[in-house]
Amino acid sequence: MTDVQFLLAHGSRNPQWRKPFEQIAERLQLAHPERLIVLCYLEMWEPSLDQAIREAYVLGFRHFRISPLFWSSGRHLQEDLPTLIEQVQKVLPNCFFQVEGPIGESEIIIQAALQALQ
């Protein structure tokens with residue numbers, strides 16, 4: 001594996017909430033065996049993003065792609081995520097992060113939502 005991609009979900013107290021995210025992670029991993037796909041969370045579930053980054057770092061990964069499974073960019077993505085990345089970079093040297101926009105702002109997702117709501 002040459003790359004690691006973190007699928008970042010928010011977290012919920014309801015365990016059923018996780019199922020669609022777990023399906024996305026499993027299917028993406030099957031479609032891309034050349035990269036490590038890790039589903040992680042900001043709150044309430046493990047692994048947290050911080051834990052997942054540290055585990056991948058120990059495995060030798062230094063380039064981290066973060067794909068937020070959020071509908072839009074709010075406080076978590078505008079404030080919490082940059083702060084978390086800054087803290088990790090202080091502890092783990094030579095880490096590089098690529099943070100994608102929230103999946104809900106993707107035109108493909110918007111079109112899929114419109115189709116599902118017809």
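Hi everyone. Let me start with the largest pocket: helix 1 and helix 4, which covers residues 107-117, each supply at least two residues of its lining. Before I go on, please keep in mind that this is a predicted model.

So, which helix gives the most to that lining? Helix 4 does, with three residues. The space in the largest pocket comes to about 260 Å³. If you want to find the pocket on your screen, look for His10, Trp17, Phe21 and Ile24, which are among the residues that line it. Further along the chain, the lining also includes Leu69, Phe70 and Trp71, and then Ile103, Gly104, Ile109, Ala112 and Ala113. What kinds of residues are these, by class? The lining has 10 nonpolar residues, two polar ones and no charged ones. As a bit of background, rolling a probe the size of a water molecule over the atoms shows where empty space is left.

Now let's turn to the sheet. Four strands form an open sheet, the pairing is parallel, and the order is 2-1-3-4. Which strands sit at the edges? Those are strand 2, residues 35-41, and strand 4, residues 96-99, and each of them pairs on one side only. On average, neighbouring strands here are turned by 25° against each other, direction ignored. In general, strands of a sheet pair through backbone hydrogen bonds, either parallel or antiparallel.

Let's walk across the sheet, pair by pair. Strand 1, residues 3-9, pairs with strand 2 in the parallel sense over seven bridges. Within this part of the sheet, Phe6 stands opposite Val38 of strand 2. Strand 1 also pairs with strand 3, again in the parallel sense, over five bridges. Here Leu7 has Ser67 of strand 3 as its bridge partner. Then strand 3 and strand 4 pair, parallel once more, over four bridges. In that pair, His63 stands opposite Phe96 in strand 4.

What packs on this sheet? Helix 1, residues 19-31, does, touching strand 1 and strand 2, and its direction makes about 170° with that of strand 2. Helix 3, residues 75-91, packs on the sheet too, touching strand 1, strand 3 (63-68) and strand 4. The direction of helix 3 makes about 165° with that of strand 4. And if you follow the chain through strand 3, helix 3 and strand 4, you trace a right-handed β-α-β unit.

My last stop is the loop between strand 2 and helix 2, the helix at 49-58. Pro47 is found in this loop, and the peptide bond from Glu46 to Pro47 is cis, with omega near 5°. Met44 is in the loop as well. What is the sign of phi at Met44? It is positive, about 70°, although Met44 is not a glycine.

Leu42 belongs to this loop too. Leaving aside residues up to four places away in sequence, Leu42 touches Leu8, Ala9, His10, Phe70 and His76. Two of these names may ring a bell: His10 and Phe70 also line the largest pocket. How far apart are Leu42 and Arg27? They are 15 residues apart in sequence and 21 Å apart in space, C-alpha to C-alpha.

That's my tour, from pocket to sheet to loop. Thanks for listening!

Key. Residues are numbered from 1 along each chain as its sequence is written. This is a predicted model: local features need pLDDT of at least 70, side-chain atom pairs count only at pLDDT 80 or more; totals for chains, interfaces and linings use all residues. Side-chain values use heavy atoms; hydrogens and water are left out. Two strands pair if DSSP finds at least two bridges between them. Axes are lines fitted to C-alpha atoms, for helices over the stretch in contact, and angles run from 0 to 180 degrees between N-to-C directions. Contact means heavy atoms within 4.5 Å. On a 1 Å grid over the protein atoms alone, a cavity is a set of points where a 1.4 Å probe fits but cannot get out, and a pocket is an open set with protein on both sides within 12 Å along at least five of seven lines; lining residues have an atom within 4 Å of a point. Grid points are joined across faces, edges and corners, and a volume is the space filled by probe spheres set on the points. Ala, Val, Leu, Ile, Met, Phe, Trp, Tyr, Cys and Pro count as nonpolar, Asp, Glu, Lys and Arg as charged, and the others, Gly among them, as polar. A crossover is right-handed if, with the strands pointing away from the viewer, the path from the first strand over the helix to the second runs clockwise.
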